[in-house]
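Here is my note on the protein–DNA contacts, set out as numbered points for you to check against the coordinates.

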Number of protein chains: 2
Amino acid sequence: MPAAIPFEEVPAPPWQSPRKGLRKAPAARQPLSAEAVLSAALRLVDRDGLDALSMRRVAQELGTGAASLYAYFSNKDELLEQLLDRVIGDIPLPSAAAADWAAEVKRSCYASRAVFLAHRDLVKVARANIPVGPNSLRYVEALLAVLRGAGIPDRIAAWGMDQMSLVIVADAIEASIHASLGRQSEADAAPYLAQVSEYYANLPAEQFPNLNAMAPAMIEGSGDERFEFAIGLMVDGLARYIKAAV
Amino acid sequence: MPAAIPFEEVPAPPWQSPRKGLRKAPAARQPLSAEAVLSAALRLVDRDGLDALSMRRVAQELGTGAASLYAYFSNKDELLEQLLDRVIGDIPLPSAAAADWAAEVKRSCYASRAVFLAHRDLVKVARANIPVGPNSLRYVEALLAVLRGAGIPDRIAAWGMDQMSLVIVADAIEASIHASLGRQSEADAAPYLAQVSEYYANLPAEQFPNLNAMAPAMIEGSGDERFEFAIGLMVDGLARYIKAAV
DNA sequence: ACCTGAACACCGTTCAAGT
DNA sequence: ACCTGAACACCGTTCAAGT
C-alpha cells in the first residue's frame, strides 16, 4: 500500500482560496495539527458515518472547541476534501507495465471502490470531477499512464477517466447508502430486494407491462456484478478508440 | 410535455414508512396541501438553490410554521423525494416506436439531463437507484419498453438503465456545481479551465509527465460533448448485447 | 502568535396547547 | 381534527478576549 503524500508536496491550485491559518505543523508540544484533525475526523466517519462529522464533534474528539479547527482548515468543505484525498492515498496505483491494460484498469476500479467502501459514506463528499489533492493527482497520473500506454488518444483518455471516476463514486455512494440501511451483505439485502421485485410485479398491468415482466430481472445480480458490468461497458468502450495498431 | 402523475395513482411501496399525516387534500378553504408545499419548495430551489431549501423557509413561503409541513410529509427527505419525482414528470417519455432505438435512448438521456439542469442543483437529492415515485416509474417503464423492444436481454436492460440514470444524475450534479460557481456558459468557464490546464502543465515533471502532456486534453470539450461521449459509450455498449437477429 | 468561550444566525423535528 | 408557537438539540462560522 502506497504512503499518502502530504498536501505540502504539491503546489496549491491557484483557483482555491488560501487557508487563512497555519501552513506548517505547529511546535511539537502542540497536540493539534492538520494531521491530527484529519485522523480524528476519519475516526469519527468510520465509527458513525459522514452525517456524524461536525466541526464540533471533531473538536470534541480532540479535546478542544470547534473554533480551533479553523486554524488548519478554512472551512468544513476543505477539511472534507483533504480527508477524501487522504483516503484516496490508500488506493494502490495501477501499473502501466501490466500485460493486459484493460484488466489492469478494471482491477484498479474495483480497488478504488473497495477503498471508498471501507470508510462508510465518506465517498459522498466526492463531487466536482477535477482532482486537486496530491493523492488524487498521483492516482490520476498513474491511470493516465496506463490509458496512454494502451494507445488511447489523449482526449478520449481524459474523458474516459472522468467517466470511470464518476461511475466508481456514484456506485460507491449507492452501495454506502444500502450499507447504512443495514443491507451490507447480499443476505441482508435479499428480503428488501424481494419486496422491491414484488412491488414491480404488482404494479397495474395496463400501465406497467415491462416493469411487471422484468420484476425478477430488476433485482438480479449483486452490487459487485452490477459494478463489474458498468466498468466493463466503459473500459471495453474505450478500447474501441485505440489507434490502429502498428 | 406529459402531465405529472400524482402520488396517489400508484400504490405506496411497502418498505417505506407511511406518512403520519393527511393522505388526501384538505378542505378547499385550506391554503395548505402537499401540492402547495411542493410548489413552494420548487420555487425556492429554482430561485436560491437546494441549500436554501429548509423546512422553515418553505413554511415561511406559505405563511405558516415549519411544523405544519409535517402533516403532509413525514420528514424533509420525503418532501425532497416527491419534489424530484415531480420534476422527473417533466421529462418527455421515449417512444418504443422510434425507428432507431439507440438514437431514441440517447435523445432521452439528453432530455433528462436538460430537465434536471433547469432546476439548479435539485438533482443532488437523487441518490439510491431504485425508482419509486409515480413519474419515475412511468419513465422507467417507457425506457424499458425501448430497450426490450430493441432485443436487449432483461438483465442487461435492467443493469444498463441503472447505469444510464447514474451517469445522467452524476453528470447533472457536476454541471449544477459548475453552474453554481458562476460557470454556466462555456465562455464563463473558459478562464477557470485555462487555470486548471496551466496547473496541470506546471506540476513537477518527474512526478507528473502524463498530466503535463495532457494538460490541454484534460479540459477539452464542453460539458455537452463529454456527456454525449459518456452516453455513447453506454448505449453502444448495450447494443453489443442484442440477441442474434432473426 | 496562538487559542477558545461565547455568541450569531441558522437547522430538523417534536409536542403540548390551542382552535 | 387540524394547526402551530415554542422548545429541544443540534449546526458552521466569527470574533472579542484571553494567554
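1. The surface near DNA strand D is made up of eight nonpolar, five polar and five charged residues, where Ala, Val, Leu, Ile, Met, Phe, Trp, Tyr, Cys and Pro count as nonpolar, Asp, Glu, Lys and Arg as charged, and the others, Gly among them, as polar. A residue is near a strand if one of its heavy atoms lies within 4 Å of it.

2. This is a predicted model, in which local features need pLDDT of at least 70 and side-chain atom pairs count only at pLDDT 80 or more, while totals for chains, interfaces and linings use all residues. Residues are numbered from 1 along each chain as its sequence is written, chains are lettered from A and ligands numbered from 1 in the order in which they are written, and side-chain values use heavy atoms, with hydrogens and water left out.

3. Around DNA strand D there are 18 residues, the closest being A:R56, A:Y70, A:K76, B:T64 and B:S68. An N or O atom in the side chain of A:R56 lies 2.4 Å from a base nitrogen of this strand, whereas a polar backbone atom of A:M55 is 2.9 Å from a phosphate oxygen.

4. DNA strand C is likewise surrounded by 18 residues, with A:T64, A:S68, B:R56, B:Y70 and B:K76 the closest. Its phosphate oxygens include one 2.6 Å from an N or O atom in the side chain of A:T64 and one 3.2 Å from a polar side-chain atom of B:S54.

Technical notes:
Polar contact = N/O pair within 3.5 Å; in protein donor to acceptor, adjacent residues only side chain to side chain.
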